[in-house]
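This briefing is meant for someone meeting the structure for the first time, and it is best read with the sequence and the 3D view side by side.

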Amino acid sequence: MDNLDKINKVVELILESNNITALTGAGVSAESGISTFRDKNGLWSKFSPLELASIEGFMANPERVWSWYQYRVNIINNSNPNDGHFALAELQKIHKNFSLVTQNVDGLHQKAGSENVIELHGSIIRNKCFDCNQIHEESVINNESLNNCKACNGLIRPDVVWFGEMLPEKEIKLAQDLSFQSDVFLSIGTSAEVYPAADLPLIAKRNGAVVVEVNPELTQLSDYVDIKIELKSGEAMPLILEEYKKRINK
Ligand code: OAD
């Protein structure tokens with residue numbers, strides 16, 4: 001089957017499906033100019049996750065961590081959603097039960113119009129207090145007075161999940177339930193290497209879902225999927241959307 005045949009097959013599955021869950025990763029934002037983590041020139045090939053994405057790294061050098069996050073926030077603030085994000089947002093609007101779970105912290109799904117996005121790894125745009133978890137929407141790095149939480153004087157940090165940390169409980173539980181209930185599961189632009197997110201397609205598969213992967217490269221998941229579309233998200237998702245709209249006369 002070539003990629004277009006596979007897209008037609010996926011559309012047929014979507015037409016018959018009651019519950020679809022899509023899990024996205026950094027690859028979905030690559031066409032918006034945001035670096036992925038594990039590709040050849042990805043962030044983890046240039047930066048140390050232990051220094052920049054762990055509690056220990058933050059405690060050792062908060063200024064270094066803040067300046068890296070500020071660098072990434074600046075890139076994200078100057079980026080726009082791409083055709084993949086827009087197609088996912090529209091699919092969600094026209095399918096009765098389409099849930100979007102993301103590992104991305106860049107907010108581009110929401111910018112493209114997706115609603116109720118389940119953010120498993122937090123958001124780089126928000127900050128929070130280490131001690132009392134109060135959310136701080138303001139940018140911290142440019143404002144000394146924000147470095148300590150107004151509520152409890154604790155240290156403020158980016159509201160993202162770092163290595164060794166638990167995922168937000170409500171979000172991961174909801175994502176697991178949705179994966180369990182889904183009859184079609186789409187894994188888009190993720191290397192499927194980071195758990196527990198990487199378990200979601202397997203939960204879906206064990207419970208009878210058809211699992212589809214959209215990724216130009218092979219991943220840890222590729223051997224287990226039912227359909228592998230070897231295209232970029234910004235190519236595949238608009239093709240799926242257009243074919244789906246044609247079939248439902250929208
Ligand atoms: P990775 O960098 O691990 O994987 C990105 C995947 O996207 C790779 O498999 C690429 O082949 C694929 N890809 C690249 N461009 C693409 C495109 N245009 N369309 C479709 N796929 C494309 O990123 P994630 O799987 O998201 O954690 O990484 C998971 C987590 O690891 C991240 O959320 C981050 C990181 O440490 C935290 O920040 C907590």
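What follows takes up the ligand and its surroundings, then one helix, and then a few individual residues.

The model is a predicted one, and the values below are computed from it. In this model 24 residues surround the ligand, and the protein buries 92% of the 790 Å² that the ligand exposes when taken alone.

**The ligand and its shell**

- Among the 24 residues that surround the ligand, the closest are F37, R38, H121, T190 and S191.
- By type, the residues of this shell divide into 8 nonpolar, 11 polar and 5 charged.
- H121, one of the closest residues, has a side-chain N or O atom that is 2.8 Å from an oxygen atom of the ligand.
- The side chain of W44 also offers an N or O atom to the ligand, at 3.1 Å from a ligand oxygen atom.
- At Q103 the contact involves the backbone, where a polar atom is 3.2 Å from an oxygen atom of the ligand.

**Helix α1**

- Helix α1 covers residues 3-16, which is 14 residues, and because each residue should add 1.5 Å the expected span is 20 Å, in agreement with the 20 Å between its end C-alpha atoms.
- The buried residues in α1 are K6, I7, V10, V11, L13 and I14.
- Seen down the helix axis, the buried residues of α1 fall within an arc of 160°, so they line one face of the helix.
- An α-helix has 3.6 residues a turn, so residues three or four places apart point the same way.
- On the face of α1 that is turned away from the buried side, the exposed residues are L4 and E16.

**The loop between β7 and α10**

- P196 has its place in the loop that runs between β7 (184-188) and α10 (200-206), and the peptide bond joining Y195 and P196 is cis, with omega about 10°.
- A192 is found in this loop between β7 and α10 as well, and although A192 is a residue other than glycine, its phi is positive, near 55°.
- A192 counts as buried because its relative accessible area is 7%, where buried means under 20%.

**The loop between β4 and β5**

- N133 is placed in the loop between β4 (122-129) and β5 (135-136), and N133 has a positive phi of about 65° although it is not a glycine.
- With 47% relative accessibility, N133 counts as partly exposed, a class that lies between the limits of 20% and 50%.

**Residues paired across the chain**

- S29 is found in helix α2, which covers residues 27-30, and S29 is buried, with a relative accessible area of 1%.
- The side chain of S29 makes a polar contact of 2.6 Å with the side chain of D106.
- V210 lies in strand β8, which covers residues 210-214, and V210 counts as partly exposed at 23% relative accessibility.
- V210 and D226 are 16 residues apart along the chain, and their C-alpha atoms are separated by 6.1 Å.

Notes. Residues numbered from 1 in each chain as written. Predicted model: local features only at pLDDT ≥ 70, side-chain atom pairs only at ≥ 80, totals over all residues. Heavy atoms only, no water. Near = heavy atom within 4 Å. Polar contact = N/O pair within 3.5 Å; in protein donor to acceptor, adjacent residues only side chain to side chain. Areas by Shrake-Rupley, 256 points an atom, 1.4 Å probe, with all protein chains shown as cover. Nonpolar A, V, L, I, M, F, W, Y, C, P; charged D, E, K, R; others polar. Helix = DSSP H or I, 4+ residues; strand = E, 2+ residues; numbered from the N terminus. Expected span 1.5 Å × (residues − 1). Buried < 20%, exposed > 50% of the residue type's maximum accessible area, 1.4 Å probe, protein only. Arc of directions from axis to C-beta.
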